[in-house]
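Here are my notes on this model, point by point. Have the structure open while you read.

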Amino acid sequence: MTRRKFTSKFKTKVVLEALKERQTTQELAQRFEITPQQINTWKRDFLKEADTVFSKGGKSKKSEEEEKKDQLLKVIGELKVENDFLKKALR
């Protein structure tokens, strides 16, 4: 049996329904064919990251750190290629 993959759109739909509290978590789990624990996990994650939605700049700290990391890795790669080229040239 393979793991089911859920889109962020689907997760958001489930979480918003859970936040409306019109149905119990158990009823939502049956409706969307997932476990109540999964709904609670998505809901907790959604609420934890909710403050980043209205932050200035529109970027979360995590994405800024990832961009910086990608930039540094790019520089490291360029320096490695240049270093290898110069080593071969000296031989």
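Is Phe 6 buried, partly exposed or exposed? Phe 6 counts as partly exposed, at 25% relative accessibility. For these labels, buried means under 20% relative accessible area, exposed means over 50%, and partly exposed is in between, with a 1.4 Å probe and protein chains only.

Two bits of housekeeping. This is a predicted model, where local features need pLDDT of at least 70 and side-chain atom pairs count only at pLDDT 80 or more, while totals for chains, interfaces and linings use all residues. Residues are numbered from 1 along each chain as its sequence is written, and side-chain values use heavy atoms, with hydrogens and water left out.

1. Start with the aromatics. A pair of aromatic rings is described by the distance of the centres and the angle of the planes. The rule takes rings of Phe, Tyr and Trp (the six-membered ring for Trp) and pairs them if their centres lie within 6.5 Å; planes under 30 degrees apart count as stacked, over 60 as edge-to-face, and the rest as tilted. The count by this rule is four aromatic pairs. One of them joins Phe 6 and Trp 42, edge-to-face, at 5.3 Å centre to centre with 75° between the planes. That pair links distant parts of the chain, 36 residues apart: Phe 6 sits in the segment before α1 and Trp 42 in helix α3. As for the elements, helices (H or I, at least four residues) and strands (E, at least two) are DSSP runs, numbered from the N terminus. Unlike the partly exposed Phe 6, Trp 42 is buried, with a relative accessible area of 8%.

2. Next, look at Phe 10 and Phe 32. Their ring centres are 5.7 Å apart and the planes are at 85°, so this pair is edge-to-face. Phe 10 belongs to helix α1 and Phe 32 to helix α2, so the pair ties together parts that are 22 residues apart in sequence. Phe 10 is partly exposed at 22% relative accessible area, whereas Phe 32 counts as buried at 10%. Put the names together and you get one aromatic cluster: Phe 6, Phe 10, Phe 32 and Trp 42.

3. Phe 32 also leads us into helix α2 (residues 25–32), whose buried residues are Leu 28, Ala 29 and Phe 32. Viewed down the axis of α2, they fall within an arc of 105°, so they line one face of the helix; the arc is that of the directions from the helix axis to the C-beta atoms. What do they pack against? The partners are α1 (8–20) and α3 (36–48), with contact meaning heavy atoms within 4.5 Å. Right after α2 comes Glu 33, with a positive phi near 60°.

4. Glu 17, in helix α1, deserves a click. This residue counts as buried, at 17% relative accessibility. Setting aside neighbours within four places in sequence, Glu 17 is in contact with Leu 28, Arg 31 and Phe 32.

5. Now the salt bridges, each a side-chain nitrogen of Lys or Arg within 4 Å of a carboxyl oxygen of Asp or Glu. By that rule there are three salt bridges. Glu 17 makes one with Lys 20, where the closest N and O atoms are 3.4 Å apart; the two are three residues apart in helix α1, about one helical turn. Glu 17 also meets Arg 31 in a salt bridge, at 3.6 Å from N to O. Here Arg 31 lies in helix α2 and Glu 17 in helix α1, so the pair ties together parts that are 14 residues apart in sequence. Both Lys 20, at 45% relative accessibility, and Arg 31, at 43%, count as partly exposed.

6. Lys 80 and Asp 84 form a salt bridge too, with the closest N and O atoms 3.6 Å apart. They are four residues apart in helix α4 (residues 61–90), about one helical turn. Asp 84 is partly exposed, at 32% relative accessibility. Through shared partners, salt bridges join Glu 17, Lys 20 and Arg 31 into one network.
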